[in-house]
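Work through the exercises below with the sequence and the model side by side. Try each task before reading its solution.

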Amino acid sequence: MRISTPQPLHLTYCTNIHAADGWTAVRATIGRYAPALKARLSPAAPFGIGLRLSARDASELSAPRALDEFRAFLDREGLYVALINGFPYGAFHGTPVKADVYAPDWRTDERVAYTTQLVDILAALVPPGVDGGVSTVPLSYKPWMAAAAAEGWERLTANVLSIAERLIRLRADGGPVIHLDIEPEPDCVLENTAETLDFFERRLVPAACATLSPRLGMPDADVARAVLDHVRLCFDCCHFSVAHEDPIEALDRLLAAGIRIGRVQLSSALRLQMPADVSAAARVAARLRPFADSTYLHQVICRHDRTDHHYADLDAALDRPPAGEWRIHFHVPLFTGEYDGLQSTQSDVRRVLAAAATRALTSHLEIETYTWEVLPAPLKIDLLESIAREYDWVRGELAAASARPSP
């Protein structure tokens, strides 16, 4: 949905919220929830959805009849798609995902083929005059790349550039503006601002000038600009908060380097102060145990005495809980900052929303609370009501930011 703030924005929610396997099931959940949300939240104007497609879903939707039917459904219901979530290649609900969510990574032909198919789907769906984005994994998982030779990085970078070239040519041929949105995440090769800057400045742009300039017949400076137009970031608020980064400082550094934000994903992480006292820590750990599900990775970064301690999953951190400020990769709902004595990084999301409303950060905001089915029982409510409450909170924050006088 289009949001009227000083900066024009599209606000969507990502359909990875819904547990569905195969295009028939995905299409059924969209038919169940999207029109109902539109009727409640945007009855008189088009309503956007962020489409999550696995490789199987994308293959099935690519059939001409299926794509034509879906496009007709969107038009009929007053819906539109400008964002696709191309992060998880396979199933995302109802089965242990853990580190497999990053596979296949950007060293593989499978990731390139999957992303290419998503680009083609989005090119057929994105409304005229609206830029579109396909999000993707943060290149690879750090443990997989720890012993990788230089050729692994070269292969990874070349594959990203193959998509960039496709997007540049699509635009040059009169097609829509579509960008690949790389999503930094804890414990991945792009985890924080410093690693992201290093990849773009030391690997991506130099490789683009060396390989794409002759193929596209463009000067290096023009190729660099074109690549940065079409390879952007998916800025997930949860992930940067887990890394203990100030989100506004991170955004300022990225934008100053010419890296564009294809979308901001609106998500809160769990946050808490783990006490040094053993008995008190045991009580806090007991409240955390229900969040340690078997489906998703919940990386933990504990900051103590200005030193960050990383844990690959919540279970590992809970074995001997260290004292300090914990940030946990668990996408808790946006609309509340308290969870049975635990806190969230909601304040970081609020600051990013204020910046997005008043500065040219991005065109797209995407609600990305996908953990509804693995939340502890006391936090679960009706899914339609849950999604609507997320929208209400976001819209309220945007309205409040827009109403404040300029500094």
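The exercises that follow treat helices, a sheet and the nonpolar cores.

This is a predicted model, in which local features need pLDDT of at least 70 and side-chain atom pairs count only at pLDDT 80 or more, while totals for chains, interfaces and linings use all residues. Residues are numbered from 1 along each chain as its sequence is written, and side-chain values use heavy atoms, with hydrogens and water left out.

**Exercise 1. Helix 1**

Task: Compare the span of helix 1 with its expected value, then find its kink and its packing partners.

Solution: Begin with the definition, by which helices (H or I, at least four residues) and strands (E, at least two) are DSSP runs numbered from the N terminus. The expected span of a helix is 1.5 Å times one less than its number of residues. Helix 1 covers residues 23-41, so its 19 residues should span 27 Å, and the 26 Å between its end C-alpha atoms agrees with this.

Next, look for a bend, taken as the angle between axes fitted to the seven residues ending at a position and the seven starting there. Helix 1 has a kink of about 25° at glycine 31, shortly before proline 35.

Finally, turn to burial (buried is under 20% relative accessible area, exposed over 50%, partly exposed in between, with a 1.4 Å probe and protein chains only). Among the buried residues of helix 1 are Trp23, Ile30, Tyr33 and Leu37. With contact meaning heavy atoms within 4.5 Å, the buried residues of this helix pack against elements including strand 3 (47-52), helix 3 (64-77) and helix 14 (383-403).

**Exercise 2. The sheet**

Task: Establish the strand order of the open sheet, and explain why strand 1 and strand 3 each have one side without a neighbour.

Solution: Two strands pair if DSSP finds at least two bridges between them. The open sheet has nine strands in the order 1-2-15-8-7-6-5-4-3, with mixed pairing. Strand 1 (2-3) and strand 3 stand at the edges with a single partner strand each, so one side of each has no neighbour in the sheet.

Now follow the pairing around strand 6 (residues 178-182). Strand 5 (residues 132-136) runs parallel to strand 6 and pairs with it over five bridges, with threonine 136 opposite isoleucine 182. Strand 6 is also parallel to strand 7, to which three bridges join it, and leucine 180 stands opposite valine 231 in strand 7. Both faces of strand 6 are covered, since Ile178, Leu180 and Ile182 on one side and His179 and Asp181 on the other are all buried.

**Exercise 3. The cores**

Task: Which residues have the most contacts inside the largest nonpolar core, and which helix gives the most to it?

Solution: A nonpolar core is a set of buried Ala, Val, Leu, Ile, Met, Phe, Trp, Tyr and Cys residues joined through side-chain atoms within 4.5 Å. The largest core has 112 residues, and Tyr13, Leu51, Phe70, Leu139 and Leu266 have the most contacts inside it. Helix 7 (residues 193-216) gives the most to this core, with nine residues. A second, separate core of 19 residues includes Leu272, Cys302, Trp326 and Ile328.

As a last step, inspect leucine 51: not counting residues up to four places away in sequence, leucine 51 touches residues including Trp23, Ile30, Phe70 and Leu125.
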